[in-house]
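Trainee: Before we use any labels, I want to see what each one rests on.

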Amino acid sequence: MTTRLREQAEHSFSGGESALIGMLGDRLVSVLRSHNTPSTLYYVCADGETYVVKVEFGRAPTLRDEIRWYRDVARRGLPRSLFITGHAGPGLSFLLLKRFGDGSTVDDLALAGESAGQLGRHAASALDDDIELFHRTERHVGQDHVHQLTERRLAVRRSQAREFPYLRTLMDADVVTMNGAGLPGVSRCLNRLFGDPRLVSYLTPDRVGMTFGDLHCGNILVHEGSTEVVDPRGGHLLPITYDYGKLVQSVEGGYGAIMAGRYVLRRTGKAAYEFAVEAVPGYAGLAALLAARCDERSYLQSLFQAALHFVAMLPHHASAQEETTALFLCGVSLFDKLLALLA
Ligand SMILES: Nc1ncnc2c1ncn2[C@@H]1O[C@H](COP(=O)(O)OP(=O)(O)OP(=O)(O)O)[C@@H](O)[C@H]1O
Ligand SMILES: [Mg+2]
């Protein structure tokens with residue numbers, strides 16, 4: 001199967017998804033479409049084992065980065081967990097993974113009412129693996145370098161977001177009213193934070209390393225008490241607070257609940273909303289456990305990253321306007337919380 005996939009990847013794969021499904025034939029067990037990325041996952045059975053093939057057609061920049069991440073990890077002699085092989089070609093790119101359980105994630109368990117104690121063990125195990133990866137590859141690069149990485153990513157995503165008129169209006173709002181309370185808008189918060197060298201210095205780490213890069217609760221798989229992280233992000237080496245920020249965004253920021261549609265949103269004015277994210281007890285417990293693992297500065301750095309993650313993801317979700325507005329409002333709330341804690 002991998003030989004045929006590799007051959008197809010090297011040619012321009014004209015048949016699209018239906019040709020791929022035809023090629024997988026009766027090995028195909030099920031298809032899992034991604035929420036907001038162009039890749040699709042196929043559960044396939046071969047020689048009595050089930051595998052997962054993640055496929056993206058065409059240029060496939062995200063999946064290429066993911067394949068590169070697994071290769072980088074291998075080159076450094078570090079564990080690659082579920083990875084078997086991957087190939088990036090002009091026609092398609094694919095990643096072949098061992099299947100881990102039924103694909104249940106920490107998000108699934110939290111939203112199904114799992115206790116914070118159980119969830120905490122899974123999240124801690126994934127975080128420990130991430131921290132170990134980071135420590136084995138970390139290097140001092142200085143705060144200026146890390147700050148430039150942050151600024152560059154943000155500038156690209158903000159300008160992509162501005163291509164959507166409703167997002168431009170939201171991003172430019174000086175005040176965002178949520179449930180009757182006026183909170184400072186995103187541009188104002190960013191100007192305040194980035195315009196104060198002392199705050200920039202306080203919020204910017206000086207070390208980077210390899211990390212999973214997208215350690216939110218929907219990427220932590222759980223099976224019979226053990227965990228595996230999927231969907232790693234290739235590219236730049238990152239500060240570890242980037243991934244702490246992904247977890248903070250997931251549990252404290254409301255990302256997991258928003259992705260599951262567990263929120264109520266009603267527009268009441270130009271940049272005014274009634275907005276409530278469902279309180280999920282497992283997330284609240286996880287947020288407390290996570291905060292307890294950090295000193296105050298690392299926690300605030302992670303909160304800062306979490307707020308930035310909300311802004312950075314807006315263009316990728318933009319076609320779903322209600323969901324993206326909810327993500328924007330979660331970002332505004334996190335910036336407000338961060339500025340209050342920094343005051
Ligand atoms: N090796 C695996 N074994 C079992 N299930 C898996 C495996 N890899 C991925 N999955 C399932 O597929 C889902 C999506 O995988 P992944 O995160 O790699 O794709 P994605 O393109 O980022 O999708 P999304 O945008 O939904 O996160 C996972 O949340 C998990 O439920
Ligand atoms: Mg994912």
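The talk below takes the ligand site, then one sheet.

Mentor: Ground rules first. This is a predicted model, where local features need pLDDT of at least 70, side-chain atom pairs count only at pLDDT 80 or more, and totals for chains, interfaces and linings use all residues. Residues are numbered from 1 along each chain as its sequence is written, chains are lettered from A and ligands numbered from 1 in the order in which they are written, and side-chain values use heavy atoms, with hydrogens and water left out.

Trainee: What makes a residue part of the surroundings of ligand 1, and how many are there?

Mentor: A residue is near a molecule if one of its heavy atoms lies within 4 Å of it. For ligand 1, 22 residues surround it, and Thr37, Tyr43, Lys54, Gly103 and Asp231 are the closest.

Trainee: Why is the approach of Lys54 to ligand 1 called a polar contact?

Mentor: The term needs a pair of N or O atoms within 3.5 Å. A polar side-chain atom of Lys54 is 2.8 Å from an oxygen atom of ligand 1, so the pair qualifies. Backbone N or O atoms serve too: that of Lys98 is 2.9 Å from a nitrogen atom of ligand 1, and that of Gly103 is 2.6 Å from an oxygen atom.

Trainee: How much of ligand 1 does the protein bury?

Mentor: Alone, ligand 1 exposes 610 Å², and the protein buries 88% of that. Those areas come from the Shrake-Rupley method with a 1.4 Å probe.

Trainee: Which elements give two or more residues to the shell?

Mentor: They are β2 (40–46), β3 (49–57) and β5 (92–98). Strands here are DSSP runs of E, at least two residues, numbered from the N terminus.

Trainee: How do you know that two domains contribute to the shell?

Mentor: Domain 1 (2–98) and domain 2 (106–342) each give at least three residues. The bounds come from an automatic or database assignment.

Trainee: Now the sheet. What makes β12 and β13 a pair?

Mentor: Pairing needs at least two DSSP bridges. Six join β12 to β13 (272–277), so they pair, and they run antiparallel. Gly269 stands opposite Ala272. The two strands form a hairpin with two residues between them.

Trainee: How many bridges join β7 to β13?

Mentor: Two, with the strands parallel. That meets the minimum of at least two, so they pair as well. Met178 stands opposite Tyr273.

Trainee: Why are β8 and β12 called edge strands?

Mentor: The open sheet runs β8-β7-β13-β12, with mixed pairing. β8 (181–184) and β12 (263–269) each pair on one side only.

Notes. Polar contact = N/O pair within 3.5 Å; in protein donor to acceptor, adjacent residues only side chain to side chain. Helix = DSSP H or I, 4+ residues; strand = E, 2+ residues; numbered from the N terminus.
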